[in-house]
Amino acid sequence: MKVLDPAERLLKSLGVTEPREIELEDIAFDQGAEIKYCTLHGCEADILGYRDSAIISIDQSRSHRRKRFSIAHELGHWHYHRGKKLQCRVEDYQPRHRQLTERVANGYAASLLMPHYLVKPRARDHKKLTFKVIEHFSTEFNTSLSATAIRLVEADIWPCMLICHAQEGRKWFTQAPMFHKRWFPQGELDPETSAFDVVFGQSDGGRSPQVIGADAWFDRAEARHYEIFEQAKKTGDGEALILLTVKDDRMVEEEAERSGYSRW
Ligand SMILES: [Zn+2]
């Protein structure tokens, strides 16, 4: 039997069967939390709780999707950290936040906004993950492009990796568990990559995936034996998201299983 996490259990208990039914204000109300939109200085959202009720304040100047993420994040604190003193810092959703409490709240938010039980059956209709597919999910689930991309990559349906690059270097990355952990992307962009033109040039990216030598992304010796698919998309000034997808399955096999290249 599949184990549901707390956010998914809550959605199921409320009878949510479609993405458009994830009404955050109703969900918050059910959990004893009231949402207030106001002007906040220095943060995007916070939560003030007493016994079984709470007030979640959301900065009204943010985009609709950003507000949705902030509400879901605060509901994560309400579920896990009720009664504890903490300083909430909602930031752009990134994999592996430094602070445990923020990481936990982000994980809850991702699951509440894009529960696996609604995402995975839809995802399996797509043979490959591309930015076109990510945009489709982002519209359907009303979530930001990067949060949607992270969720889909981590759903472990396709052998792919997601990297965020700025001009100063790599900001973060995450990968499908099936993308073997020995592949660790380089910190700096190789000028051969299409991502380089997006981060340092005029390109917006978003073209169909390109084939490139894996050694442009990884400095392991075995990388020169493989090609991978690369697709980059501009997400801000001098910033891009890059999706890498395995082209040769041998690249993600356990090292011991592979033959030929390794030992003499
Ligand atoms: Zn927080």
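Start by selecting R51, in the loop between β2 and β3. (Helices, H or I with at least four residues, and strands, E with at least two, are DSSP runs numbered from the N terminus.) Before you click further, know that this is a predicted model: local features need pLDDT of at least 70, side-chain atom pairs count only at pLDDT 80 or more, and totals for chains, interfaces and linings use all residues. Residue numbers start from 1 along each chain as its sequence is written.

**Stop 1: R51 and the sheet around it**

R51 is not a glycine, yet its phi is positive, about 50°. Most residues other than glycine have a negative phi. R51 counts as exposed because it has 8 C-beta neighbours inside 10 Å. The rule is that 20 or more other C-beta atoms within 10 Å of a residue's own make it buried, 12 or fewer make it exposed, and anything in between is partly exposed, with C-beta atoms placed from the backbone.

Now show β1, β2 and β3. They form an open sheet in the order β1-β3-β2, with mixed pairing. At the edges stand β1 (33-38) and β2 (45-50), each with a single partner strand, so one side of each has no neighbour in the sheet. From one strand to the next, the twist averages 20°. Two strands count as paired here if DSSP finds at least two bridges between them.

Zoom in on β1 and β3 (residues 53-59): six bridges join them in the parallel sense. If you want one pair to look at, E34 stands opposite I55 in β3.

Next, add helix α3 (residues 64-80), which lies across β1, β2 and β3 and runs at about 35° to β2. Such angles run from 0 to 180 degrees between N-to-C directions, and axes are lines fitted to C-alpha atoms, for helices over the stretch in contact.

**Stop 2: S57**

Stay in strand β3 and pick S57. Is S57 buried or exposed? It is buried, with 20 other C-beta atoms within 10 Å. Leaving aside neighbours within four places in sequence, S57 is in contact with K36, C38, L40, A45 and D46. Contact means that the C-beta atoms of two residues, placed from the backbone, lie within 7 Å. For a distance to draw, try S57 to D215: they are 158 residues apart along the chain, and their C-alpha atoms are separated by 47 Å.

**Stop 3: helix α6**

Jump to helix α6 (residues 131-141) and colour its buried residues: F131, V133, I134, F137, S138 and F141. Looking down the axis of α6, you'll find these buried residues within an arc of 155°, so they line one face of the helix. That arc is taken from the directions from the helix axis to the C-beta atoms. An α-helix has 3.6 residues a turn, so residues three or four places apart point the same way. Turn to the face away from the buried side, and you meet the exposed residues K132 and T139.

What covers the buried residues of α6? The cover includes α4 (100-113), α7 (145-154), β7 (227-236) and β8 (239-246).

Keep α7 on screen. α6 and α7 pack at an angle of about 110°, their axes 9 Å apart. That makes α6 roughly perpendicular to α7, a label for angles of 65 to 115 degrees (under 35 is roughly parallel, over 145 roughly antiparallel, the rest oblique). On the α6 side, I134, E135, F137, S138 and F141 meet L145, T148, A149 and L152 in α7.

Between α6 and α7, select N142 in the loop. Like R51, it's worth a click for its backbone: N142 is not a glycine but has a positive phi of about 60°. With 17 C-beta neighbours inside 10 Å, N142 counts as partly exposed.

**Stop 4: the five-stranded sheet**

Finally, show β4 to β8. This open sheet of five strands has the order β5-β4-β8-β7-β6, with antiparallel pairing. β5 (169-175) and β6 (210-213) are at the edges, each with a single partner strand, so one side of each is left without a neighbour in the sheet. Ignoring direction, neighbouring strands are turned by 30° against each other on average. α7 packs on this sheet, touching β4 (160-166), β5, β7 and β8, and its direction makes about 150° with that of β4.

Two strand pairs make good close-ups. β4 and β5 form a hairpin with two residues between them; six bridges join these antiparallel strands, and L162 has T174 in β5 as its bridge partner. β6 and β7 pair antiparallel over four bridges, with E230 in β7 as the bridge partner of Q210.
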